[in-house]
Amino acid sequence: MINRNKIMAGTAFHSGNWMHFGFKLSVLLKGIGALCEILGGILLLYLNPIRMGRLVFFLTHGELVEDPGDRLANVLLHYSYGFSAGTQLFTIMYLLSHGITKCLLAYLLWHKKRWAYPLAIGSLLFFIGYQIWNYCMHPSIFLVLLTVWDAVMIFLTAVEYRRQKYGTFKSIRRCSVSG
């Protein structure tokens, strides 16, 4: 049961608690996303360009027979034609390296390894830089959303790092106000 006096004093739902919850949720989501990237990279090992073409044809054939102008089916078909062995290798390397890095960082952050916080911030800054460069080459709303999420993750990681280093959120404010 929530104590009314704590609510009135502003300590029951202090912003530090919400930021900690947001940090934990972000780390969990990053970890799940990292596992999906690793799984995708492993599956892509077996999906060579010929198999990719067959899979996309199988998935889109019925829709294209029914509606030859179907935008999604045509986009998938178009991208499957450009799926070369080089594209496959790059995508595998990207998904595995990105996924393994994020999975390892999520594990370390979840277990509150203090030295991992600056490493995670640096890695996220590197990923943001790559995403911005990639966006300049191939604009995508997905890259914008991913970059914003990584920026939020950097903020939450920095706040959590200070919380781990100095104690509670209250003592962080005291440190920043007093010195």
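A helix, in what I am going to say, is a run of at least four residues that DSSP assigns as helical, and the helices are numbered from the N terminus. Please keep in mind throughout that the model in front of you is a predicted one.

Let me begin with a pair inside one helix, R163 and E160, whose side chains meet in a salt bridge with 2.9 Å from N to O. These two residues are 3 residues apart in helix α7, which means that about one helical turn separates them. E160 counts as buried, because its relative accessible area is 2% and the cut-off for buried is under 20%.

How many salt bridges does the structure hold? There are 3, and as general background, side chains of opposite charge can pair when their charged atoms come close.

The next of them joins K30 to D150, with the closest N and O atoms 2.1 Å apart. This pair links distant parts of the chain, since K30 belongs to helix α2, residues 15–45, while D150 belongs to helix α7, and their positions lie 120 residues apart in the numbering. Are these two partners buried or exposed? K30 has a relative accessibility of 6% and therefore counts as buried, and D150, at 2%, counts as buried too.

The remaining salt bridge is formed by K102 and E37, where the closest N and O atoms are 3.3 Å apart. K102 sits in helix α5, residues 85–110, and E37 in helix α2, so this pair ties together parts of the chain that are 65 residues apart in sequence. Here K102 is buried at 9% relative accessibility, and E37 is buried with a relative accessible area of 16%.

Let me turn now to helix α6, which runs over residues 116–137. Its 22 residues, at 1.5 Å a residue, should span 32 Å, and the C-alpha atoms at its ends are 31 Å apart, which agrees with that expectation. Among the buried residues of α6 are A116, Y117, L124, F127, I128 and Q131. Looking down the axis of α6, you would find its buried residues within an arc of 165°, so they line one face of the helix. On the face turned away from that buried side, α6 carries the exposed residues F126 and C136.

Which helix gives the most to the largest nonpolar core? That core has 16 residues, and those with the most contacts inside it are F23, V27, L109, L124, M153 and I154. At least two residues of the core come from each of α2, α5, α6 and α7, and α6 gives the most, with 7 residues. If we follow L124 and leave aside its neighbours within four places in sequence, we find it in contact with M153 and I154, and also with K30 and D150, the two residues of the salt bridge described earlier. Apart from this core lies another one, of 10 residues, which includes L44, L64, L77 and L95.

Finally, I would like to look at T147, which has its place in helix α7, residues 141–166. T147 is buried, because its relative accessible area is 16%, under the 20% cut-off. A polar atom of its side chain lies 2.7 Å from the backbone oxygen of L143. Not counting residues up to four places away in sequence, T147 touches I128, Q131 and I132, and of these I128 and Q131 are among the buried residues of α6.

Notes:
Residues numbered from 1 in each chain as written. Predicted model: local features only at pLDDT ≥ 70, side-chain atom pairs only at ≥ 80, totals over all residues. Heavy atoms only, no water. Buried < 20%, exposed > 50% of the residue type's maximum accessible area, 1.4 Å probe, protein only. Polar contact = N/O pair within 3.5 Å; in protein donor to acceptor, adjacent residues only side chain to side chain. Contact = heavy atoms within 4.5 Å. Expected span 1.5 Å × (residues − 1). Arc of directions from axis to C-beta. Salt bridge = Lys/Arg side-chain N within 4 Å of Asp/Glu carboxyl O. Core = buried A, V, L, I, M, F, W, Y, C linked by side-chain atoms within 4.5 Å.
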